[in-house]
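Me: Could you walk me through the metal and ligand site in this one? I'll ask, you answer.

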Amino acid sequence: MSERPPAFDLVVRNGRIATAADVFACDIGIRDGRIAALGEGLAGREEIDATGKWVLPGGIDSHVHISQPSGEGIVMADDFASATRSAALGGNTTVLPFCMQESGTTLRSAVSAYHAKAEGECYVDVSFHLIITDPSESVLGQELPALVADGYPSFKVFMTYEGLALTDRQILEVMEVARQTRALVMVHAENYDIIRFLTDRLEQDGRTAPRYHAASRPIIAEREATSRAISLAELSDVPLMVVHVSNREAMEEIRRAQAKGLKILGETCPQYLVLTAADLDGLNMEGAKYVCSPPPRDPASQEACWEGLQQGVFATFSSDHCPFRYDDPQGKLTPKGRTSFRWVPNGIPGVGARLPILFSEGVVKGRIDINRFVAVTATNHAKVYGLYPKKGTIAVGADADIAIWDPELTRTLTHDALQDGSDYTPYEGMEITGWPVLTMVRGRVVARDGVLTGAKGFGQHVPRRL
Ligand code: DUC
Ligand code: ZN
Ligand code: ZN
């Protein structure tokens, strides 16, 4: 008599599983890239022993920038291969980058261009947001509604930056389309005129070093724009995601809106938990390594961002991965950047470091529990952006997107291990306890023990619906 073949392609055995709600011990049976069973004594053609490890939903990073044009002579450090490679090594199974509309071009052409850049290049799954920089009649009337229907139901608008900032009226027009199409607006909330005014004054005073980037974008500028964006969303009766919140005042604006019953969501990022403006003080141009917006603040702001994560004011914890090389004239050391912080490319890498930092500083140090970790790194991203329950949880029927974590593995964070396209990490030297030792996308192991095992091009685009 022949033996019955194993029921599953792959079984993850003996792990402790955490979702956003529960902790339980069982085996996971995987078939055709999806979770087919949770149970005891499951048998598979292949098996992974997760004894002593956490088995978590793979991380979803819903805020990353990849291959985005960033100004004349500046080149972003990551393409889709290098960014998703680093994402996989850092325990992520899906990332959400942006298709940015460039002035004078259509949104549809931006979407096609980013798909062409990503096609055949990705190690993890990818799903695109849009960035709207020119809300023309045809964008609002035709392109946006069609793109929402095609699976791009979230778009970012900027309240600051030359060539990107929208007026309040334009934001209202975008929000109107979001209401009609049930899409989600994401906002970069900083007051453009405050920043322009302070930047001019600082330059006039000869204060041009990278550290003055932080002085040019004070908390008041973020708080005011956050409050205004929330008012515009309230008027428009739409949900709003305030991304990369850096401090208490902005966080409290969001909390107040939530208490009023408004559907205002918030996001914070590793730089606001573990960096401060003092990191921009480095000698020569070293401070440029930390130039991002909003800038890292102070220890009290870090505490506020932790509180926002602990108390659910922030639904998501993302990297805002926006990488430039440091020692490179097309990166942070662009010749113009030496003349003023105004020209230093704005953004820092973080897609590979996000999860280890939150695990170590959050879970291991007792600031958040494992369920909150899963919620703010995976489940809430899937729910907010329309990927749930296909992604973001461990449940029968979900994609087998899984990260296995060794909660006791202690290592110093170095750029080498992250394998992104940049030449530094702003988190160099942090002592991290708890590392992802295996990342699996749709049942396929894409990273194991710090080694990439996935295939370029295995990552797929995932259309979304809210
Ligand atoms: N905003 C982002 O979301 N990323 C990088 C730069 C910025 O201003
Ligand atoms: Zn932004
Ligand atoms: Zn960003």
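**Around the ligand**

Reply: Sure, starting with Tyr 161: an N or O atom in its side chain is 2.4 Å from an oxygen atom of ligand 1. This is a predicted model, where local features need pLDDT of at least 70, side-chain atom pairs count only at pLDDT 80 or more, and totals for chains, interfaces and linings use all residues. Side-chain values use heavy atoms, without hydrogens and water, residues are numbered from 1 along each chain as its sequence is written, and chains are lettered from A and ligands numbered from 1 in the order written.

Me: How far is the polar side-chain atom of Lys 156 from an oxygen atom of ligand 1?

Reply: A polar contact here is a pair of N or O atoms within 3.5 Å. For His 244, an N or O atom in the side chain is 3.2 Å from an oxygen atom of ligand 1. For Lys 156, the distance from a polar side-chain atom to an oxygen atom of ligand 1 is 2.5 Å.

Me: Which residues are the protein donors of the zinc ion (ligand 2)?

Reply: Donors are N, O and S atoms within 2.8 Å of the metal (3.2 Å for Na, K and Ca), and water is not among the atoms, so sites may look incomplete. In sequence the donor residues are spaced K-x31-H-x55-H. Lying 2.1 to 2.3 Å from the zinc ion (ligand 2), they are Lys 156 (NZ), His 188 (ND1) and His 244 (NE2).

Me: Is His 188 buried or exposed?

Reply: Buried means under 20% relative accessible area, exposed over 50%, partly exposed in between (1.4 Å probe, protein chains only). Lys 156, at 2%, is buried. His 188 has a relative accessible area of 1%, so the word for His 188 is buried.

Definitions and conventions: Polar contact = N/O pair within 3.5 Å; in protein donor to acceptor, adjacent residues only side chain to side chain.
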